[in-house]
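Reader: Could you take me through this model before I go back to the bench? I would like to look at it first and then ask about it piece by piece.

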Amino acid sequence: MPGLVDATTGWVVHALNLGVERLDLRGELSRQLGRPVAVENDVKAAAIGARELVGDATEVMAYLNVGTGLAAAVVDSSGEVMRGIGGAAGEIGHLPVGGDVPCGCGQVGCLETLASGSALARLWPQPDGQLRDPFAAAAAGDEIAARAVETLCEGIGLAIQLLALAAGAEHVVVGGGLTDLGDPLVEGIAAQLRARAARSQLIAGLSLADRFEVLRSDVPVAAVGAALLPRTTTPLVAEGA
Ligand SMILES: [Zn+2]
């Protein structure tokens with residue numbers, strides 16, 4: 001479930017993209033299904049799944065989801081997901097980084113307004129709303145598409161640097177719908193990270209271009225993570241069916 005999910009109480013708040021302000025998700029589902037239910041934030045569940053599928057048990061791993069929005073989750077070396085205040089840890093899409101684009105969260109210039117599917121749709125609008133490949137368009141000479149993918153990759157690079165510096169991530173797994181852009185996206189992110197390293201010995205020492213990988217969107221990380229939830233969250237109490 002997107003939004004701030006309290007895995008202990010089962011309540012969800014501020015699921016902005018779904019228009020949900022406050023919901024007792026676990027309670028409602030438990031009542032309707034007549035069985036215990038675990039709830040988790042979608043990106044945190046994906047991080048648990050990514051650690052299981054491609055992570056290393058001894059590393060600090062971050063999962064960065066680039067879909068309609070931008071969000072991350074960090075799993076520490078013992079396998080615990082960092083939660084923070086009300087589950088807000090990892091909501092780096094709402095860190096204002098510059099620019100004047102209003103964000104759905106009420107702030108202006110959030111990282112999500114640069115590096116997300118919604119940002120790409122704004123930066124390179126398609127009159128018929130169809131999904132097209134901006135990298136292919138850029139390669140064919142579309143300058144607006146070229147600027148859009150530059151901004152996208154720069155923003156994702158910034159997110160990776162942020163996760164390494166602020167959360168200690170040693171490995172960043174990038175997932176979400178935009179990963180369908182494939183190799184050009186991987187190359188674009190790596191080029192941004194190499195450019196950051198070329199400007200700074202400090203950043204060069206982090207070897208960020210070697211520490212990220214992009215998962216195809218058909219790798220079911222969130223489903224795998226959700227399947228693992230009962231052993232990663234507080235024991236559940238079935239609510240009256
Ligand atoms: Zn925001």
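Author: What follows goes through confidence, the metal site, the strands and a few backbone details.

Reader: How far does the confidence go along the protein chain, on average and by residue?

Author: This is a predicted model, in which local features need pLDDT of at least 70 and side-chain atom pairs count only at pLDDT 80 or more, while totals for chains, interfaces and linings use all residues. Residues are numbered from 1 along each chain as its sequence is written, and side-chain values use heavy atoms, with hydrogens and water left out. The protein chain averages a pLDDT of 92 (pLDDT being the predictor's confidence in each residue, from 0 to 100), and 95% of the residues score at least 70. Over residues 232-236 the pLDDT is below 50, and this stretch has 8 contacts (heavy atoms within 4.5 Å) beyond near neighbours in sequence.

Reader: Now the metal; which atoms coordinate the zinc ion?

Author: The zinc ion is coordinated by ND1 of His94 and by the SG atoms of Cys103, Cys105 and Cys110, at 2.1 to 2.3 Å. Donors here are N, O and S atoms within 2.8 Å of the metal (3.2 Å for Na, K and Ca), and because water is not among the atoms, sites may look incomplete. Along the chain the donors follow the spacing H-x8-C-x1-C-x4-C.

Reader: And what geometry does the site of the zinc ion have?

Author: The site is tetrahedral, with angles of 101 to 128 degrees among its 4 donor atoms; four donors count as tetrahedral if all angles lie between 85 and 135 degrees.

Reader: Are Cys103 and Cys105 buried or exposed?

Author: Cys103 counts as buried because its relative accessibility is 11%, whereas Cys105, with a relative accessible area of 29%, is partly exposed. Buried means under 20% relative accessible area, exposed over 50%, and partly exposed in between, with a 1.4 Å probe and protein chains only.

Reader: Switching topic, how do β1 and β2 pair?

Author: Strand β1 (residues 4-5) pairs with strand β2 (residues 11-15) in the antiparallel sense over 2 bridges, and Val5 stands opposite Val12. Strands (E, at least two residues) and helices (H or I, at least four) are DSSP runs numbered from the N terminus, and two strands pair if DSSP finds at least two bridges between them. These two form a hairpin with 5 residues between them, and Gly10 in the turn has a positive phi of about 85 degrees.

Reader: What does β2 do with β3?

Author: β2 and β3 (residues 20-24) pair in the antiparallel sense over 4 bridges, and Val12 has Leu23 as its bridge partner in β3. A hairpin is formed here too, with 4 residues between the strands and a positive phi of about 70 degrees at Gly19 in the turn.

Reader: What is the strand order in the open sheet of 4 strands?

Author: The order is β5-β4-β6-β7, with mixed pairing. β5 (70-75) and β7 (212-214) stand at the edges with a single partner strand each, so one side of each is left without a neighbour in the sheet. Strand β4 (residues 61-66) pairs with strand β6 (residues 171-175) in the parallel sense over 5 bridges, and Gly175 in β6 is the bridge partner of Asn65.

Reader: Last one, what is phi at His14 and Ser207?

Author: Phi is positive, near 55 degrees, at His14, which sits in strand β2, and near 50 degrees at Ser207, which lies in the loop between α7 (201-204) and β7. Most residues other than glycine have a negative phi.

Notes: Four donors count as tetrahedral if all angles lie between 85 and 135 degrees; four count as square planar and six as octahedral if opposite donors are over 155 degrees apart and all others between 65 and 115; anything else is irregular.
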